[in-house]
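Open the model in your viewer and turn on residue labels. This tour says what to select at each stop and what is found there.

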Amino acid sequence: MIRNIPNKVDQQMLKEYIDLTNYGTYDFLYLRMDFANHCNVGYCFINFISVEAIITFVKARVGKKWNKFKSEKICDASYANIQGKKGLIEKFKNSNVMIQDPSYRPKLYYCFGPLIGQEQPFPLHGLSNDISFTNL
């Protein structure tokens with residue numbers, strides 16, 4: 001999990017921030033949102049595909065101020081209770097968040113091949129055959 005995210009940051013801004021140091025090194029990203037107030041609640045779930053990717057992010061971002069909205073918040077990271085792409089998909093695929101605006105939904109990303117860094121379809125009911133769970 002990434003914590004202490006400034007509340008005005010949206011999922012696209014967060015992706016751009018992460019991509020500066022970790023482009024193509026994570027396959028799941030979900031910024032929790034307060035739907036009534038249209039702002040995030042200060043943390044996100046992310047699944048880095050390797051220990052090296054986590055280390056890169058932590059060295060570059062954790063313990064430092066965010067460069068958005070003149071925030072005084074300090075980026076932090078921690079392990080979440082649910083680990084891995086498969087577990088995160090299972091948790092969110094039938095969640096009420098999946099009926100919200102698409103910009104509020106969890107996102108999957110390709111980490112290999114010509115589509116690296118681009119959004120991958122999210123399976124809603126059962127695991128799709130186009131989702132690879134190798135390299136989890």
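Leaving aside its neighbours within four places in sequence, which residues is Ile 5 in contact with? Select Ile 5 and show its surroundings: the contacts are Leu 14, Leu 31, Asn 40, Gly 42, Tyr 43, Cys 44, Trp 66 and Lys 73. Keep in mind throughout that this is a predicted model.

**Stop 1: the nonpolar cores**

Keep Ile 5 selected and add Ile 2, Leu 14, Ile 18 and Leu 29. These five belong to the largest nonpolar core, which has 20 residues, and they touch the most other members. Now colour H1, E2, E3 and H2, the elements that give two or more residues to this core. A second, separate core has 12 residues, including Ala 80, Phe 92, Val 97 and Phe 122.

**Stop 2: the sheet**

Hide the side chains and show the strands as a cartoon. Six strands form an open sheet with antiparallel pairing, and their order is E4-E1-E3-E2-E5-E6. Select residues 76–77 and then 119–120: these are the edge strands E4 and E6, and each pairs on one side only. In general, the strands of a sheet pair through backbone hydrogen bonds, either parallel or antiparallel.

Start at the E4 edge. E1 and E4 are joined by two bridges in the antiparallel sense. Select Ile 2, already met in the largest nonpolar core, and look across to E4, where Ala 77 stands opposite Ile 2.

Next select strand E2, residues 26–34. How many of the nine residues of E2 are buried? Seven are, and the strand is mostly covered. E2 and E3 run antiparallel and are joined by seven bridges. To see one position across this pair, show Phe 28, which stands opposite Asn 47 in E3. E2 also pairs with strand E5, residues 107–109, through two bridges in the antiparallel sense. There Leu 29 stands opposite Lys 107 in E5.

When the side chains are shown again, recall a general point: in a regular strand they alternate between the two faces of the sheet.

**Stop 3: the hairpin of E2 and E3**

Follow the chain from E2 into E3. The hairpin has four residues between the strands. Select His 38, which lies in this loop. Phi of His 38 is near 55 degrees, a positive value in a residue other than glycine. Is His 38 buried or exposed? The relative accessibility of His 38 is 55%, so this residue counts as exposed; the cut-off for exposed is over 50%.

**Stop 4: the loop between E1 and H1**

Move to the loop between strand E1 (2–3) and helix H1 (11–22), and select Asn 7 there. Add Asn 4 and Lys 8, which lie in this loop too.

Look at Asn 4 to begin with. Phi of Asn 4 is near 65 degrees, again positive in a residue other than glycine. Asn 4 counts as partly exposed because its relative accessibility is 35%, and partly exposed covers the range between under 20% and over 50%.

Asn 7 is also partly exposed, at 33% relative accessibility. Not counting residues up to four places away in sequence, Asn 7 touches Cys 39, Asn 40, Val 41, Gly 42 and Lys 73. Use the distance tool on the C-alpha atoms of Asn 7 and Lys 73: they are 66 residues apart along the chain and separated by 9.9 Å.

Lys 8 is exposed, with a relative accessible area of 63%. Leaving aside neighbours within four places in sequence, the contacts of Lys 8 are Met 13, Asn 40 and Phe 69. For another distance, pick the C-alpha atoms of Lys 8 and Leu 108, which are 100 residues apart along the chain and separated by 22 Å.

**Stop 5: the largest pocket**

Switch to a surface view. In general, rolling a probe the size of a water molecule over the atoms shows where empty space is left. The largest pocket has a volume of about 400 Å³. Which residues lie nearest the centre of this pocket? Select Ile 46, Phe 48, Ile 54, Tyr 79 and Gln 83, which belong to a lining of 24 residues. Strand E3 (39–48), helix H2 (51–61) and helix H3 (85–92) are the elements that give two or more residues to the lining. Colour the lining by class to finish: 16 residues are nonpolar, six polar and two charged.

How values were computed
Residues are numbered from 1 along each chain as its sequence is written. This is a predicted model: local features need pLDDT of at least 70, side-chain atom pairs count only at pLDDT 80 or more; totals for chains, interfaces and linings use all residues. Side-chain values use heavy atoms; hydrogens and water are left out. Buried means under 20% relative accessible area, exposed over 50%, partly exposed in between (1.4 Å probe, protein chains only). Contact means heavy atoms within 4.5 Å. Two strands pair if DSSP finds at least two bridges between them. On a 1 Å grid over the protein atoms alone, a cavity is a set of points where a 1.4 Å probe fits but cannot get out, and a pocket is an open set with protein on both sides within 12 Å along at least five of seven lines; lining residues have an atom within 4 Å of a point. Grid points are joined across faces, edges and corners, and a volume is the space filled by probe spheres set on the points. Ala, Val, Leu, Ile, Met, Phe, Trp, Tyr, Cys and Pro count as nonpolar, Asp, Glu, Lys and Arg as charged, and the others, Gly among them, as polar. A nonpolar core is a set of buried Ala, Val, Leu, Ile, Met, Phe, Trp, Tyr and Cys residues joined through side-chain atoms within 4.5 Å.
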